[in-house]
Structures are given as structure tokens and as C-alpha cells.
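Me: I have a structure open and would like to go through the labels people put on it. Could you help me see what stands behind them?

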Amino acid sequence: MNVIKADIITLQVDAIVNAANSTLLGGGGVDGAIHLAAGPELLQECRALGGCPTGEAKITRGYNLPAKYVIHAVGPIWQGGNARESQLLASCYRRCLEIAMENNVKTIAFPSISTGVYGYPKEEAAEIVIATCRDFMQKTNAALEVTFCCFSDHDLRIYRELLGAAGARETG
Ligand code: AR6
């Protein structure tokens, strides 16, 4: 598992993950950036998907993006921590990884789902994300390169610390 600071729309990976909402019809933040960069055909494909529940994910093509696919995940809105937010966040990441494997994706990049507009505390989210992905990779022995794409130095520091100082790189 790798961590980088980047704009996710620039990444040349098989799949980038979108922090979408349950309509899958676009929005602000990373969702807005992905739709803008992919072009209007992405919205067309999303319209046909009929939305997506929180904690779930759905895949589309990447259109004008360098990435072949976009996996649209719907994270929980932070409500104080007692509304199953951690389970729903973990479920999002797990579903993305499962969908990636079903589609022969070898390289995948995640944004920090739910930690923008949806208000999930960044450290708590990163702990869950790393534990969930690590667990999935160990259990499935997946040949999948996972990158956590941070958008700020603050997020980058959090992920680096949690993944370990030694270059924050884990293979597996
Ligand atoms: N590349 C990588 N990360 C980004 C980018 C980017 N181009 N832009 C923002 N981030 P958010 P959410 C980071 O708000 O909290 C939308 O309107 C950002 O700094 O995009 O899951 C949807 O339609 C933050 O760390 O997603 C939903 O309605 C992280 O991406 C709602 O927002 C997530 O922030 C979803 O909210």
C-alpha cells in the first residue's frame, strides 16, 4: 500500500475511486473534479446505475480520465460516530477492492472518502481505511496495488504516520 499527495484525476492507474453520494449524479469535491475531467459520458453511464446505497460502490468506465475505470463509493455522513459510520466507511473500501478484483484491476487509487464535505474525522477515517485494506489484502492475497491519494499535506502526514515512517510502502 502506497501513499502519495496528488490530484486523483491525474493518476494513471487501472481504477480511481470516487467519493460519490447516493444519487451517483455528481457533486462537489473529488466527485466534481472526476466528472469534469472524465466528461459528460460519465454522467450518462451513472444515470443508468440508479444510485447506490451508503457503504456500497459501483463501477463505470473512466472516459477521458487516464484511469480505465472509476469506482464510485458512497461514504457515510459523519453524525458523531454512533450511526455505524465506521462500519459503513470500512464497507465502502472493502466493496471497492472486491469490485476491483472482479474487474481485473491491478492498480487502484483511493481518495479519503467521507473526510471532506461529509465531515468524517481524518485520523479516525485513515485508521479504519488502512486496517480494512490491510485485512482485505492479507485475506485475499490480492495482486492489487493500492494507493491512498491524499489531497493535502495534513492528510499525507496522517497516512504516512499510520503506514509507518519507512517510506510508507507495503507490498502485498
Ligand atoms: N483528488 C484527490 N482528493 C481530493 C480531490 C482530488 N481532486 N478533491 C478533493 N479531494 P469530498 P466526501 C479530497 O468532499 O467527504 C461531493 O459533493 C478532499 O480533500 O470530495 O466523501 C459528493 O457528491 C477530502 O480529503 O468527499 C458527495 O455529496 C476527500 O477528497 C460528498 O461530496 C473527500 O472529500 C461526499 O463527501
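**Labels and the values behind them**

Reply: Happy to. A polar side-chain atom of Asp31 lies 2.7 Å from an oxygen atom of the ligand. Keep in mind that this is a predicted model.

Me: What makes the approach of Asp31 to the ligand a polar contact?

Reply: The cut-off is 3.5 Å between N or O atoms. Asp31 has a polar side-chain atom 2.7 Å from a ligand oxygen, so the pair falls within 3.5 Å and counts.

Me: Which backbone atoms come into polar contact with the ligand?

Reply: Among them are those of Ile8 and Tyr118. A backbone N or O atom of Ile8 is 3.0 Å from a ligand nitrogen, and a polar backbone atom of Tyr118 is 3.1 Å from a ligand oxygen. On its own the ligand would expose 700 Å², and the protein buries 89% of that.

Me: What surrounds the ligand, and which helix gives the most to that shell?

Reply: There are 22 residues around the ligand, the closest being Asp7, Asn21, Gly28, Asp31 and Ser114. Helix α1, residues 29–38, gives the most, with four residues. By type, the shell has nine nonpolar, nine polar and four charged residues. The space the ligand takes is the largest pocket.

Me: How many aromatic pairs are there, and why is the one of Trp78 and Tyr120 called tilted?

Reply: The count is four aromatic pairs. For Trp78 and Tyr120, the ring centres are 4.7 Å apart and the planes stand at 55 degrees. Stacked needs under 30 degrees and edge-to-face over 60, so 55 degrees makes this pair tilted.

Me: Why can you say that this pair ties together parts apart in sequence?

Reply: Trp78 lies in the loop between β4 (69–74) and α3 (85–102), and Tyr120 in the loop between β5 (107–110) and α4 (122–140), so the parts they tie together are 42 residues apart in sequence.

Me: What makes the phi of Tyr63 and of Asn104 worth a mention?

Reply: Most residues other than glycine have a negative phi. Tyr63, in the loop between β3 (57–61) and β4, has a positive phi of about 50 degrees. Asn104, in the loop between α3 and β5, has a positive phi of about 60 degrees.

Key:
Residues are numbered from 1 along each chain as its sequence is written. This is a predicted model: local features need pLDDT of at least 70, side-chain atom pairs count only at pLDDT 80 or more; totals for chains, interfaces and linings use all residues. Side-chain values use heavy atoms; hydrogens and water are left out. A residue is near a molecule or strand if one of its heavy atoms lies within 4 Å of it. A polar contact is a pair of N or O atoms within 3.5 Å; within protein, one must be able to donate a hydrogen and the other to accept it, and residues adjacent in sequence count only if both atoms are side-chain atoms. Accessible areas come from the Shrake-Rupley method with a 1.4 Å probe; for residues, only the protein chains shown count as cover. On a 1 Å grid over the protein atoms alone, a cavity is a set of points where a 1.4 Å probe fits but cannot get out, and a pocket is an open set with protein on both sides within 12 Å along at least five of seven lines; lining residues have an atom within 4 Å of a point. A molecule sits in a cavity or pocket if more than half of its atoms lie within 2 Å of its grid points. Helices (H or I, at least four residues) and strands (E, at least two) are DSSP runs, numbered from the N terminus. Ala, Val, Leu, Ile, Met, Phe, Trp, Tyr, Cys and Pro count as nonpolar, Asp, Glu, Lys and Arg as charged, and the others, Gly among them, as polar. Rings of Phe, Tyr and Trp (its six-membered ring) pair if their centres lie within 6.5 Å; planes under 30 degrees apart count as stacked, over 60 as edge-to-face and the rest as tilted.
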